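User: I am in my first year and would like to learn how to read a structure with several chains. Could you take me through this one by question and answer?

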Amino acid sequence: MGQTQQEGALEPLKSTLQRLGGVNLLPFAVAVIAFVLIGAPSSWVTLTVAGLAMGMMLFLMASGLSLIFGLMDVLNFGHSAFISFGAFVAASVLAWLGGWLGADSLVLNALAVFCAFAAAILFGLAGGWFFEVVIIKPVYRDHLRQILITMGALIVAEQMILALWGGSPMTVPRPAFLTGSILLGDVAIEVYRIFAFLLGLAVYLALYWLLNRSRLGLLIRAGVEDREMVEALGFRIDRLFVGVFMLGSALAALGGAMWAGYETLITPALGGQMMIVVFIVVIIGGLGSVEGTLLGAIMVGLVANYVGFLAPKLALASNMLLMMAILMWRPNGLRPAVT
Amino acid sequence: MSLLSLNAIETAIGQYAVLHQVSLEVCEGGVFVLLGRNGAGKTTTLRSIMGLWRPSAGSVVFQGQDMRGLHTAEIARLGIAYVPESMGIFGGLTVEENLILATRNGRFDQERLKRIWQLFPALERFWSKQAWSLSGGQKQMLSVARAIIEPRKLILVDEPTKGLAPAIVDAMMEAFRDISQTTTILLVEQNFEFAKSLGRDMAVIEDGRVVHTGSMADFARDTALQNRLLSLSAS
Amino acid sequence: MTHAPSLASPKQTWGALTVKLLVLLVAALLLFAPFLFQDTRSIEVAARICVFIVLVASYDVLIGYTGIVSFAHTMFFGFGAYGAAIALRTMGPGWDAIALGASVGCVISIVVAAAIGLLSLRVKAIFFAMITLAAASVVMVLASQLSQITGGEDGITYKTPAVFKTAYKLLVDDHGKVVRWFGVKINGKLAAYYFVYASCFALFLVMLRLVGSPIGTVLKAIRENEARAEAIGYRVVAYRTFVFCFSAVVASLAGTIYAIWLKYTGPKTALSFTIMIDILLMVVIGGMGTMWGAVIGAVLLVLAQYYLRDLMGSAAEALVNVPLAPQVLAPDRWLFWLGIIFILLVYNFPKGIAGTLADKGASR
């Protein structure tokens, strides 16, 4: 009897939480808990900004993977190759445009950064097209061979990076306008983090518009649920697949480029390291949904930064523990695409 | 004149041959009913027409055009709509989005929309609700509405009355009667009463073979034949 | 007599017979390896082949027989290797240390495998692959972080029982010198090799027994059609978890054997993702779903690892003036070529060498 009473008391709380956004509140809850544990507001703000920036970059890298899986039921283990290639292509372009980057002109600086990102995106588009048409298409609907083939492609891609850029770390030049920090009271915030956050947000909004407000997005969302029916309504979903694959790969390359600028020192192992985190993000968020991926990415970004500050020893396992906890609570992730 | 003809098609799912030499002639106008027990191959026949499963032999000819090798999307664009047994509703999309997806250019023909709202008033009421929240009958209405939001030449419907309340079955019957004035319907149905009152021509499939074909009126009179061919579904 | 088996099982083709003969040949060559190829490098290669045959076969029980894709197989290999290494270092070189290390490795493997299995074997296959990958990477990071226990990136060196020392004289002649048979010293190194050979042989037989047993048939049924197997009444999750634990234990024991042979355990030899990739390549090249394939794949790839690189090195030197050729032919780039071969194999010969060969001569 006590139990039913308790449940009765919890019900309004539950519905209030649901109205306020349900699982979307998790990052806020994490932030509040961290605030209490950390104590010092200035450190908390710095960590939160770092977490959000990292989350947004992870979102860029992970959204494509999630989208491709949701629509095509293809899990591309080679996705991280696009992250690595994006990072190295952008770094090379930045190094090549060193003159513009060093010039005392904001326009030239910004142009160099723009070119670097554009090169990464173009590479992602072209590589994504090649990957979809040559590597993935023959193994649709065959998960075992898909995993093997994309894993093989990842090996080849990583070796190509080693052959092209060598095994030693590469420094990534950063333009003046993206270096340094701004002071808010006694809190210093790195400019690049704000930049990363804003760019990630812009991409999210663009993706949101594409998926929820455009006819193309309607097709994609429908295709995620039931591709056969979309075909039976008269749409060539295979052509849509190629487009989504190219888009997803380009986003990964952009994420890699952003990450390169953030880390300023990159190695060919970057893709492999990020891949694990990206997997954790999409598993937490729920495969196939862009909102879920954003939520997962922000959670991972925040938790990694808070734990790194509070208990550095636990930092590396924190992602894994977060994933385990969330999977036990919700086996399909926080916001899976199909309800 | 023959709108659709299946000429000795053979379809296998994996290594199991499901259809053996299935031949059908569907004439223009009215409702053609495909009867048969569970697992006889009715759904496979519809899916083979739609190109969702590829026949390994034989041909499907629509308006004189051999559809072999055509992609499902191309088959759909020839004017064939498909209402699968699972209804194929996109649950995450609203009723409106489900319907607008089925239009060719993303705009509604207001006349047709009005007619659909007349046939299925529930759809207007739940216009901007997500489709997963609809009841089974409403989902079925949406699925049928999707098939007629654009002018089509042929609609393939797979067991539209399965699991529906009697009142909704009546509404569905009205709707199909109305639709069949302008569009040919190929209907797979287990509910014989429903099939009998709608059908003009019919065929019975058993174990992947066409075992009887003729007019519904003749078949409805011949109870012995019904008992022999449909002993399960007649009960 | 020779006709009897082929009459009894019509599936027996000359291709399948060739595969079995090849495997017998490999077993024989490995058995006499120390006498046939008398240099230290060859015996290293032979021991590595033995261990990898077991490792790959245990992975094949997962991927080939049950259709589970795991990327955590090296993790279990590492548990066994590190278990033995840590026990040997702290307790000194003795059989008790080996027994303890091996059992601890097995227990940890079972616990971790059961945890992962129960948590995620009920979800999609693809989730499982991702989760095992994440788990393996966390263990890899932990091993390099907990350097007091694991020796970090440097790993651990230790002594093994005296009977395995190169200087140990197994057989002495009247003058107290070590006996030579066919020019081979009957010393501890030889004892160590035959320890590796015998234990790997035993483990391989255990696996053969498992896949040939009724359980093996159930596993295949699950791989072919999970829903149907469930409907017939097999508890799919229980079977899968069992197989996952079983292959984890075998991998762990293989790790222990390799740790004893090498007298060194570190991330590169026992945990790195490169080993996982090697296993994948071996299982696919050899042929998934047949134990014989594991043997063929392991032999080919280990030989390639040791000898193909030299070949590529000389090719790169010869083509030094051709643009880009030296870079892609550099010995370090051999994975590039293996990756391409791997992809082509998965496309064109998904059954691998053993499977493709076994189909040869089929009456159909």
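The questions below go from the contacts between chains to single helices, strands and one residue.

User: What should I know about the model and its numbering before we start?
Analyst: Residues are numbered from 1 along each chain as its sequence is written, while chains are lettered from A and ligands numbered from 1 in the order in which they are written. This is a predicted model, in which local features need pLDDT of at least 70 and side-chain atom pairs count only at pLDDT 80 or more, whereas totals for chains, interfaces and linings use all residues.

User: Which helix gives the largest share of the side of chain C that touches chain A?
Analyst: Two residues are in contact if their C-beta atoms, placed from the backbone, lie within 7 Å, and by that rule 30 residues of chain C are in contact with 26 residues of chain A. Helices (H or I, at least four residues) and strands (E, at least two) are DSSP runs, numbered from the N terminus. The elements of chain C that give two or more residues to this side are helix H7 (125–145), helix H14 (273–286), helix H16 (325–329) and helix H17 (334–348). The largest share, 11 residues, comes from H7(C).

User: How many nonpolar residues are on the side of chain B that touches chain A?
Analyst: Here 18 residues of chain B are in contact with 17 residues of chain A, and the largest share of the chain B side, four residues, comes from H2(B). For the classes, Ala, Val, Leu, Ile, Met, Phe, Trp, Tyr, Cys and Pro count as nonpolar, Asp, Glu, Lys and Arg as charged, and the others, Gly among them, as polar. Sorted in this way, the side of chain B that touches chain A has six polar residues, two charged residues and, as the class you asked about, 10 nonpolar residues.

User: Which helix gives the most to the largest nonpolar core?
Analyst: A residue is buried if 20 or more other C-beta atoms lie within 10 Å of its own, exposed if 12 or fewer, and partly exposed in between, with C-beta atoms placed from the backbone. A nonpolar core is a set of buried Ala, Val, Leu, Ile, Met, Phe, Trp, Tyr and Cys residues joined through C-beta atoms within 7 Å. The largest one has 306 residues, and those with the most contacts inside it are A:Ala90 and C:Ile53. With 19 residues, the helix that gives the most to this core is H3 (residues 41–72) of chain A.

User: Is C:Phe52 buried or exposed?
Analyst: C:Phe52 is found in helix H4 (residues 40–63) of chain C, and, not counting residues up to four places away in sequence, C:Phe52 touches C:Met282, C:Ala298 and C:Val302. C:Phe52 and C:Ala294 are 242 residues apart in sequence, yet 8.5 Å apart in space, C-alpha to C-alpha. Because C:Phe52 has 27 C-beta neighbours inside 10 Å, this residue counts as buried.

User: How many of the residues of H11(A) are buried?
Analyst: Helix H11 (residues 237–263) of chain A reaches 38 Å from its first C-alpha to its last, close to the 39 Å expected at 1.5 Å a residue, where the expected span is 1.5 Å times one less than the number of residues. H11(A) is followed by A:Thr264, whose phi is positive, near 60 degrees. The helix is mostly covered, and of its 27 residues the number buried is 21.

User: Which strands stand at the edges of the six-stranded sheet in chain B?
Analyst: Two strands pair if DSSP finds at least two bridges between them, and in chain B six strands form an open sheet with mixed pairing, in the order E6-E7-E8-E3-E9-E10. Two of these strands have a single partner strand each, so one side of each is left without a neighbour in the sheet, and they are E6 (80–83) and E10 (209–215) of chain B.

User: What is the bridge partner of B:Val83 in E7(B)?
Analyst: E6(B) and strand E7 (residues 154–158) of chain B pair in the parallel sense over four bridges. In E7(B), the partner of B:Val83 is B:Val157.

User: Which residue in the turn between E4(B) and E5(B) has a positive phi?
Analyst: Two bridges join E4(B) to strand E5 (residues 65–66) of chain B, and the two strands run antiparallel. They form a hairpin with two residues between them, and the turn residue with a positive phi, about 50 degrees, is B:Gln63.
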